[in-house]
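User: I'd like to learn how to read the main features of this fold, one at a time. Can you walk me through them?

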Amino acid sequence: MHQTSLEDLPPSAFLNGMMKQNAERIVYLSGDINEHSIWNVISQLISLANSDNRSPVQLIISTFGGSVHEMLSLYDTLKFIPCPIHTLILGKCMSAGVLLA
């Protein structure tokens with residue numbers, strides 16, 4: 001059985017998926033909480049808040065945790081942006097991830 005990876009997909013499939021997530025106002029935080037993953041999530045949240053600050057954003061979290069400093073950066077952003085944030089735990093959520101939920 002052949003497994004499909006991201007490298008096998010055409011670039012348009014990846015972009016279409018990202019555009020759909022953006023249109024549905026869904027942001028994913030998965031894997032380790034580190035500088036790269038948090039700044040990716042923060043930039044998406046700020047972008048969505050700037051485009052429409054009244055519609056809610058769904059933050060889906062699946063993480064074992066990670067850096068406390070980065071988690072606090074995201075926590076501050078969640079409190080700062082004016083649009084409502086609905087969090088959903090999908091799978092695992094430990095350590096710093098629990099504080100964000």
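**Reading the sheet and its surroundings**

Analyst: Let's start with a strand pair: S2 and S3 run parallel and are joined by six bridges. Strands count as paired if DSSP finds at least two bridges between them. Strands (E, at least two residues) and helices (H or I, at least four) are DSSP runs, numbered from the N terminus. Keep in mind that this is a predicted model, where local features need pLDDT of at least 70, side-chain atom pairs count only at pLDDT 80 or more, and totals for chains, interfaces and linings use all residues. Residues are numbered from 1 along each chain as its sequence is written, and side-chain values use heavy atoms, with hydrogens and water left out.

User: Which residues stand opposite each other in S2 and S3?

Analyst: In general, strands of a sheet pair through backbone hydrogen bonds, either parallel or antiparallel. Here, Ile61 is opposite Ile89 of S3, and Ile60 has Leu88 as its bridge partner in S3.

User: What is the strand order of the sheet?

Analyst: Look for which strands have a neighbour on each side. This is an open sheet of three strands, ordered S1-S2-S3 with parallel pairing. S1 and S3 (85–93) are the edge strands, each pairing on one side only. From one strand to the next, the twist averages 20°; axes are lines fitted to C-alpha atoms, for helices over the stretch in contact, and angles run from 0 to 180 degrees between N-to-C directions.

User: How many bridges pair S1 with S2?

Analyst: Seven, again in the parallel sense. Tyr28 has Ile60 as its bridge partner in S2, and Ile33 has Gly66.

User: What is the handedness of the crossover from S1 through H2 to S2?

Analyst: Point the strands away from you: a crossover is right-handed if the path from the first strand over the helix to the second runs clockwise. The β-α-β crossover from S1 through H2 to S2 is right-handed, and S2, H3 and S3 also make a right-handed β-α-β unit. Along the sequence, the protein reads α-β-α-β-α-β-α, with four helices and three strands.

User: How do H2 and H3 sit relative to the sheet?

Analyst: Check contacts, meaning heavy atoms within 4.5 Å, then the angle. H2 lies across S1, S2 and S3, at about 165° to S1. H3 lies across S1, S2 and S3 too, also running at about 165° to S1.

User: Which residues have the most contacts inside the largest nonpolar core?

Analyst: A nonpolar core is a set of buried Ala, Val, Leu, Ile, Met, Phe, Trp, Tyr and Cys residues joined through side-chain atoms within 4.5 Å. The largest one has 20 residues, and Leu29, Leu45, Leu74 and Leu100 have the most contacts inside it. H2 gives the largest share, six residues. Beyond four places in sequence, Leu29 touches residues including Val41, Leu59, Leu74 and Leu100.

User: Why is S2 called largely enclosed?

Analyst: Buried means under 20% relative accessible area, exposed over 50%, partly exposed in between (1.4 Å probe, protein chains only). Seven of the ten residues of S2 are buried, so the rest of the structure largely encloses this strand. By contrast, His69, in helix H3, is exposed at 65% relative accessible area.

User: And where should I be careful about confidence?

Analyst: Use pLDDT, the predictor's confidence in each residue, from 0 to 100. The protein's mean is 81, with 77% of its residues at 70 or more. Over residues 13–17, pLDDT is below 50, and this stretch has one contact in the model beyond near neighbours in sequence.
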